[in-house]
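Thank you all for coming. I would like to take a few minutes to walk through one model with you, and I will try to keep to what can be read from it.

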Amino acid sequence: MSFEHAPTSQLLFQPPCGPVTGWADGDVLRASGIPYATAGRFQPPVPAPDWTSEFSATSLSPACPQAPVPFLDDVLGTRYGELPGSEDCQNLSITMPGDLRPEERLPVMVWIHGGSYTTGSGDLAIFDPARLVAENRVIVVSVTYRLGLFGFLATPTGRPGNLGLLDQLEAFRWVQRNIAGFGGDPGRVTAFGQSAGGDAIAHLMAVPEAPRLFQRAIIQSAPLGITRGRARMNHAMGTAAESLTEETPAMEVVAREADVAQVARKFGMLAAMPFGTQYGHDPLPEERGIEEAWNRAAPAIDVLIGHTSEEARLFLPRSPRLMRLGGIPLAGPAAVRAIDWVVTETVYGRATRRFARRHAKAGGRAHRYVLDWHAPGNIFGAAHTVDLPLLLGNRKTWDGVGLIAGADWADVDAAGRRMRALWAGFASGQDLGDSGSIPGVLRYRAV
């Protein structure tokens, strides 16, 4: 790696893709909005061409066009339109320690954001990795990729599926080629992601080149219990999306997404995440071959996988029926807890344990965790996404938002500091041992 301070206090990096200008931002250095791939609508990505003049990496990556989700804005503190939208969203941002030395080769963590494969973006404020980076001397690469109808639905006439997954692959290839130019070690790359992001990482592990792209994976709250048996649903959705073309205005594509998702409603629990990875479409094998593909990668990729103890509570306020049930004295809260347990087990818990056992049996190293930290008295409890404020973002983005309302920020940050250290330690290659815990936050054990 070589970099120098430019006269404007910006920084010049010299990776193989071409010179990149970043900037200092408090305790970290940043290089944002770097293109790693390019693609026409409904087309597979190709690597972004190299450049010779300085690329100014000082703007956040645009988000893939998407619809607003007011409920999530309220719970997570996000703002619809926080980032500009663009179909040319295949960009990544790099966050480095502020005192990075030219000779260093630090562990690299590549963040794949969640959002049911339809919402989110790598550079949302709630995903800011600055605390993780500054406290633990790691480098974080935040990836933005295509979502929804732009990225995750094949059609019967041959429009490809998994385009967003192919985008992610190109991002990992870019990291392997270029991250040393930013002080990163391409031999110590950890893929980490939450919800759909964790699911994507699990499925990237089935791609033959995965062990050359990352050596560790942290899979957080991946809905692996609803990733199988989706072919009929995907076909019905693809048929409903057939009329969209390369010329359809982007926001009209976004508007049609809800209609296409509605087609999935008759497929029960699978419709909880209608868009997603599709087996038998590049780069994934047929569904019957997924276990064998995972087994081939297992010896080369260490896994830390887990979920929160009350995943389904995130969605409780969206169900008036469950809210009424929870209000019934004595019996109501117990009934809600039972429903939460069943959904958490069905979508996350059982499949997570199965994935970890299979990985270990195939010769891989796996640790499994359960996270039960929550804000005192908060209706969401240890819900889906409660790991995010412990890992990413900062007080400005999280303090007082619905998900953790009632928690003192000092307590949030103290719990988060230990969790960030655990995640970074795993990424650095530290042995987690047979078992361990962060009291009041999470517990983990080797599988």
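I will begin with confidence, then go on to one helix, the cores, the salt bridges and two buried places.

What you have in front of you is a predicted model, and the chain averages a pLDDT of 94, with 95% of the residues scoring at least 70. The exception I want to point out is residues 2-8, over which pLDDT stays under 50, although the model does have 16 contacts beyond four places in sequence for them. Where pLDDT is low, the predicted coordinates should not be read in detail, and I will leave that stretch aside.

Let me turn to helix H14, which covers residues 409-428, so to speak our main landmark for this talk. With its 20 residues, helix H14 spans 27 Å from the first C-alpha to the last, which is close to the 28 Å expected at 1.5 Å a residue. At the start of H14, a side-chain oxygen of aspartate 408 comes to within 3.0 Å of the backbone nitrogen of alanine 410, and just after H14 we find glycine 429 with a positive phi of about 100°.

Within helix H14 sits methionine 419, and you may ask whether methionine 419 is buried or exposed. Its relative accessible area is 0%, and since buried means under 20%, methionine 419 counts as buried. Beyond residues up to four places away in sequence, methionine 419 touches Leu371, Asp387, Leu390, Leu391, Ile438 and Leu442. For a sense of distance, the C-alpha atoms of methionine 419 and glycine 181 are separated by 28 Å, and these two residues are 238 apart along the chain.

Now to the cores. The largest nonpolar core has 88 residues, and those with the most contacts inside it are Ile34, Ile94, Phe182, Phe214 and Ile219. Helix H4, residues 163-178, contributes the largest share of this core, namely 8 residues. A second, separate core of 50 residues includes, among others, Val75, Ala130, Tyr369 and Leu391. To come back to isoleucine 94, its contacts, leaving aside neighbours within four places in sequence, include Leu29, Ile34, Ile139, Val141, Trp174 and Phe182, and also Arg30.

Next, the charged pairs. How many salt bridges does a search of the whole structure find? The number is 24, and I will take three of them in turn.

In one of them, arginine 417 pairs with glutamate 135, with the closest N and O atoms 3.5 Å apart. This pair links distant parts of the chain, given that arginine 417 belongs to helix H14 and glutamate 135 to helix H2, residues 130-136, with their positions 282 residues apart in sequence. Both partners are partly exposed, arginine 417 at a relative accessible area of 43% and glutamate 135 at 27%.

In another, the side chains of arginine 228 and glutamate 291 meet at 2.7 Å, N to O. Here too distant parts of the chain are linked: arginine 228 is in the loop between strand S12 and helix H7, whereas glutamate 291 is in helix H9, and the two are 63 residues apart. Arginine 228 is partly exposed at 33% relative accessible area, as is glutamate 291 at 31%.

The third is formed by arginine 443 and aspartate 372, whose closest N and O atoms are 2.8 Å apart. Because arginine 443 lies in strand S16 and aspartate 372 in the loop between strand S14 and helix H12, this pair ties together parts that are 71 residues apart in sequence. Arginine 443, at 44% relative accessibility, is partly exposed, and so is aspartate 372, at 27%. Elsewhere in the list, salt bridges that share partners join Asp99, Arg101, Glu103, Glu104 and Arg137 into one network.

Finally, two buried places. Glutamine 220, in strand S12, has a relative accessibility of 0% and therefore counts as buried. Leaving aside neighbours within four places in sequence, glutamine 220 is in contact with residues including Trp111, Phe192, Gln194, Gly198, Tyr369, Asp387, Leu391 and Trp423.

One of those contacts, Gly198, is also among the buried residues of helix H5, together with Asp199 and His203. Why is helix H5 described as largely enclosed by the rest of the structure? The reason is that 9 of the 9 residues of this helix, residues 196-204, are buried.

How values were computed:
Residues numbered from 1 in each chain as written. Predicted model: local features only at pLDDT ≥ 70, side-chain atom pairs only at ≥ 80, totals over all residues. Heavy atoms only, no water. pLDDT = per-residue confidence, 0-100. Contact = heavy atoms within 4.5 Å. Helix = DSSP H or I, 4+ residues; strand = E, 2+ residues; numbered from the N terminus. Expected span 1.5 Å × (residues − 1). Polar contact = N/O pair within 3.5 Å; in protein donor to acceptor, adjacent residues only side chain to side chain. Buried < 20%, exposed > 50% of the residue type's maximum accessible area, 1.4 Å probe, protein only. Core = buried A, V, L, I, M, F, W, Y, C linked by side-chain atoms within 4.5 Å. Salt bridge = Lys/Arg side-chain N within 4 Å of Asp/Glu carboxyl O.
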